[in-house]
Amino acid sequence: MIIAKPKPVAKLVEFTEKFDKILLVGCGGCASVCAAGGEKEAAELAVALRHWRQKQGSALAVSTAIITRQCDAQYLDSIAKQVTRVDAVISLACGVGVQFLAECYAGKPVLPGLNTVLAGGAVQAGLWEERCGLCGNCMLHQTGGICPVSRCAKSIQNGPCGGSQHGKCEINPQMPCAWHLIYEKLLATNRLDLMMQYRSPKDWSKEHSVGAKPVRKKVLP
Ligand code: SF4
Ligand code: SF4
């Protein structure tokens, strides 16, 4: 799941200072689950933005809507009427959702209401941890199901780096050393031979910084 955090309200006030009517669009997918951009957060943000503008001596009309998933083009038409009535849209989705909305409503400013932070999962209520760096070339079969790309501070392929102390990372001693975790998992599963295998440098041409890559799912006949 994609984890996102709300941008500070002051930032959104700044984004919207030239507009009189805006639409806040929540996302029913990941942004709702991580309590950053669901129906409740959209309603609370609407109140905060109206209040802030009032304090500045003017009025901002804020309406809200929710889309099942902003990262799926088939759902975006559902807010078409509301979009025509406003000056701008604030998307409470991850960066993917913001871009889908911006493409769908080409003549309307679409602004990000969230900061997209990571791909991860909930380890306890209200706490999410990164688990995948979207490298495009998964190596979890070699590392005991523990991702060194996202969980090692140096993303090294052949660890540990030598700075690991008592199972903690030298860069952030609050965090476990990913390669220590990998060692323990491989030990527990009798696969320490994998620890000794040299992994050649990763092919980073498959990860995100080389540009957008379409991924097509094969449709079975
Ligand atoms: S190895 Fe790559 S694809 Fe696999 S979990 Fe890590 S970052 Fe994600
Ligand atoms: S101590 Fe472990 S997690 Fe930290 S940088 Fe070194 S190998 Fe990576």
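**Figure 1. The loop between α7 and α8, with N190.** In this predicted model, N190 sits in the loop that links α7 to α8, the latter covering residues 193-196. Take a look at its backbone: phi of N190 is positive, at about 60°, although the residue is not a glycine. N190 counts as exposed because 7 other C-beta atoms lie within 10 Å, and a residue with 12 or fewer is placed in that class.

**Figure 2. The loop between α6 and α7, with P160 and H166.** This view stays with the loop that runs from α6 (148-151) to α7 (178-188), where P160 has its place. The peptide bond between G159 and P160 is cis, with omega about 0°. H166 belongs to the loop between α6 and α7 as well. Its phi is near 50°, a positive value for a residue other than glycine. Is H166 buried or exposed? H166 is exposed, since its count is 8 other C-beta atoms within 10 Å.

**Figure 3. The surroundings of ligand 1.** Which residues are found around ligand 1? Four cysteines are easy to pick out by name, C132, C135, C138 and C147. They are joined in the shell by G133, L134, M139, L140, V149 and S150. By class, the shell of ligand 1 holds eight nonpolar residues and two polar ones, and no charged residue.

**Figure 4. The surroundings of ligand 2.** Ligand 2 has 15 residues around it. The closest of them are C152, C161, S164, C169 and C177. What classes make up this shell? Around ligand 2 there are 10 nonpolar, three polar and two charged residues.

**Figure 5. The open sheet β1-β6-β7.** Three strands form an open sheet here, in the order β1-β6-β7 and with antiparallel pairing. At the edges are β1 (2-6) and β7 (127-132), each of which pairs on one side only. The average turn between neighbouring strands of this sheet is 70°, direction ignored. For a closer look at one pairing, follow β1 and β6 (residues 114-124), which run antiparallel and are joined by five bridges. One spot to find is K5, whose bridge partner in β6 is N115.

**Figure 6. Strand β2 and its parallel partners.** Which way does β2 run against β3, parallel or antiparallel? The two strands are parallel, and seven bridges join them. V25 marks the pairing nicely, standing opposite A65 in β3. With β4, too, β2 runs parallel, this time through five bridges. Here L23 has V89 of β4 as its bridge partner. Six of the seven residues of β2 are buried, so the strand is largely enclosed by the rest of the structure.

**Figure 7. The largest nonpolar core.** This core has 36 residues. Those with the most contacts inside it are A4, I22, L24, V25, A31, V89 and L92. Several strands give two or more residues each to the core, namely β1, β2 (21-27), β3 (61-67) and β4 (88-92). The helices α2 (30-33), α3 and α5 (95-104) do so as well. Which element gives the most? That is β2, with five residues.

**Figure 8. C34 and K40, a buried and an exposed residue.** C34 is placed in the loop between α2 and α3. C34 counts as buried because it has 22 C-beta neighbours inside 10 Å, and the class begins at 20. From C34 to A106 the C-alpha distance is 28 Å, with their positions 72 residues apart in sequence. K40, by contrast, is part of helix α3 (residues 39-55). K40 is exposed, since 11 other C-beta atoms lie within 10 Å. How far is K40 from G26 in space? Their C-alpha atoms are 8.8 Å apart, and the two residues are 14 apart in sequence.

**Figure 9. The two domains.** To finish, step back to the chain as a whole. Domain 1 covers residues 2-118, and domain 2 covers residues 134-199. Taken over C-alpha atoms, the centres of domain 1 and domain 2 are separated by 38 Å.

Technical notes: Residues numbered from 1 in each chain as written. Chains lettered and ligands numbered in written order. Predicted model: local features only at pLDDT ≥ 70, side-chain atom pairs only at ≥ 80, totals over all residues. Domains from an automatic or database assignment. Near = placed C-beta within 6 Å. Nonpolar A, V, L, I, M, F, W, Y, C, P; charged D, E, K, R; others polar. Pairing = 2+ DSSP bridges. Helix = DSSP H or I, 4+ residues; strand = E, 2+ residues; numbered from the N terminus. Axes fitted to C-alpha atoms, helices over the stretch in contact; angles between N-to-C directions. Core = buried A, V, L, I, M, F, W, Y, C linked by C-beta atoms within 7 Å.
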